[in-house]
Amino acid sequence: MQNIPMARPTWDDEMLAAAVRTLNSRHWVKGPEGQAFGQEFAAMCGAHGGTPCQSGSVALWGALNLLDIGPGDEVLVPSLTYISTATCVNLVGATPVFVDVEPEYWCVDLDALEKARTPRTKAVIAVHLFGQMSDDRLPAWCKSHNIAYIEDAAQAHGAVSANGTMAGAVGDVACFSFFPSKNLAVGGEGGMMMTHRVDLVARMNALVNNGRDARLEAQSLGSNFRMSEVSAAIGRVQLTHLPSWLERRRAIAQRYHQAFDGIRGLTTPSVRPGTKHAWHQYCLVAEDPDGLQKTLERHGVDSRIYYSTPCHRQNVYNQHPQHNESFPVTDDIAHRLVAIPVFHEMTDDEVARVVDAVLAFAQP
């Protein structure tokens, strides 16, 4: 019996046809597919413009550049996230200031942001962690302090806030990743910057094209961070399927909620009231994470702990003044968040196998 993986990238004849059609066109870069992919994804999210790029990490770097963040500036980031959320700040010469996350929803904590804010704070990168939308009060808080709001939506394709706004249209700039494990992928590496600010669209497009305008004159610093036309064509096909894929992820998550609710030693993830979670990951908080993972492994179910070493404690930040700082919520759960498979191509039999494996751990 094959193991159930954490993700199974989607590939079908429709995507193959789109890729081959684009290859046959011989228009492999700077063509209509990338432009259409950005426009269509932005329209779905309710944003004004979208620019495909090479990765989610590039998108984060680009967002900081668009907002003129650099040396002397501070950017508030949660420590419970993927490392590029923080290192993108260093790459533009600014300083990441780490903060704790909410105890219930695991997104950046608004009270922690307020305590960490200084006159040098120029932006917040709020991660919609695992597909959970960040606090709806964040945009107003940022506006009141003249702080830019960057959405790290790398895990939140299709997530919706309590006020009905989709991830990608909440902050000044939003950043998506199309890595193969994500809710939407492009047949390899890929990312996208998105904005609802009309004044940023032209700069956003130029940034990934060596800073050049429509006359091919460099008006600002940039580089070649474009997505290939083949990847964009695949992404456009996947975008049409994203709503149904999200429905499947949400149905699997609901099945897990019902099966695992109230089990001693395990806590199911909470969903912020009124929101629609995108379920990039379904993480159980385990009192015995090692034991849970070993049981899952015996039953042929892959799992992963997110994120066992918080960003501020990683070696890259061993000289950072917060390297040894204590963040109560992050320190409590970082090594206990055990992710189990929740991808949209899971069969009902695979879902049942995962449920049985977790129950076997709970009732040895």
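Which residues of α2 are buried? In this predicted model, the buried residues of α2 are Glu33, Gly34, Ala36, Phe37, Gly38, Phe41, Ala42 and Cys45. They pack against α1 (13-25), β1 (49-53), β6, β7 and α8. The helix has 14 residues, and at 1.5 Å a residue it should span 20 Å; the C-alpha atoms at its ends are 20 Å apart, which agrees. Just after α2, Gly46 takes a positive phi of about 85°.

One buried residue of this helix, Phe37, leads into the interior. Not counting residues up to four places away in sequence, Phe37 touches Pro52, Phe178, Leu184, Val186, Met192, Met227, Ala232, Gly235, Arg236 and Leu239. Phe37 also belongs to the largest nonpolar core, which has 42 residues. Within that core, the members that touch the most others are Phe37, Leu113, Leu138, Trp141, Phe176, Phe178 and Met194. At least two residues of the core come from each of α2 (32-45), β3 (95-99), α5 (110-116), β4 (121-127), α6 (138-144), β6 (173-177), β7 (191-195) and α8 (229-260). Another core, of 33 residues, lies apart from this one and includes Cys88, Val89, Leu207 and Val208.

The next element to consider is a sheet. Strands of a sheet pair through backbone hydrogen bonds, either parallel or antiparallel. Here an open sheet of four strands has the order β8-β9-β11-β10, and the pairing is antiparallel. Each of the edge strands, β8 (266-267) and β10 (304-305), has a single partner strand, so one side of each is left without a neighbour in the sheet. Strand β9 (residues 282-286) pairs with strand β11 (residues 337-340) over four bridges, and Val285 stands opposite Leu337 in β11. Helix α8, which also supplies residues to the largest nonpolar core, lies across β9 and β11 and runs at about 20° to β9.

A single residue completes the tour. Is Thr330, in helix α10 (residues 328-333), buried or exposed? Residues count as buried under 20% relative accessible area; Thr330 has a value of 0%, and is therefore buried. The side chain of Thr330 is joined to that of Asp100 by a polar contact of 2.8 Å. Leaving aside residues up to four places away in sequence, Thr330 touches Leu80, Asp100, Val101 and Pro310. Asp100 thus appears both among the residues that Thr330 touches and as its partner in the polar contact.

Note on methods
Residues are numbered from 1 along each chain as its sequence is written. This is a predicted model: local features need pLDDT of at least 70, side-chain atom pairs count only at pLDDT 80 or more; totals for chains, interfaces and linings use all residues. Side-chain values use heavy atoms; hydrogens and water are left out. A nonpolar core is a set of buried Ala, Val, Leu, Ile, Met, Phe, Trp, Tyr and Cys residues joined through side-chain atoms within 4.5 Å. Buried means under 20% relative accessible area, exposed over 50%, partly exposed in between (1.4 Å probe, protein chains only). Contact means heavy atoms within 4.5 Å. The expected span of a helix is 1.5 Å times one less than its number of residues. Two strands pair if DSSP finds at least two bridges between them. Axes are lines fitted to C-alpha atoms, for helices over the stretch in contact, and angles run from 0 to 180 degrees between N-to-C directions. A polar contact is a pair of N or O atoms within 3.5 Å; within protein, one must be able to donate a hydrogen and the other to accept it, and residues adjacent in sequence count only if both atoms are side-chain atoms.
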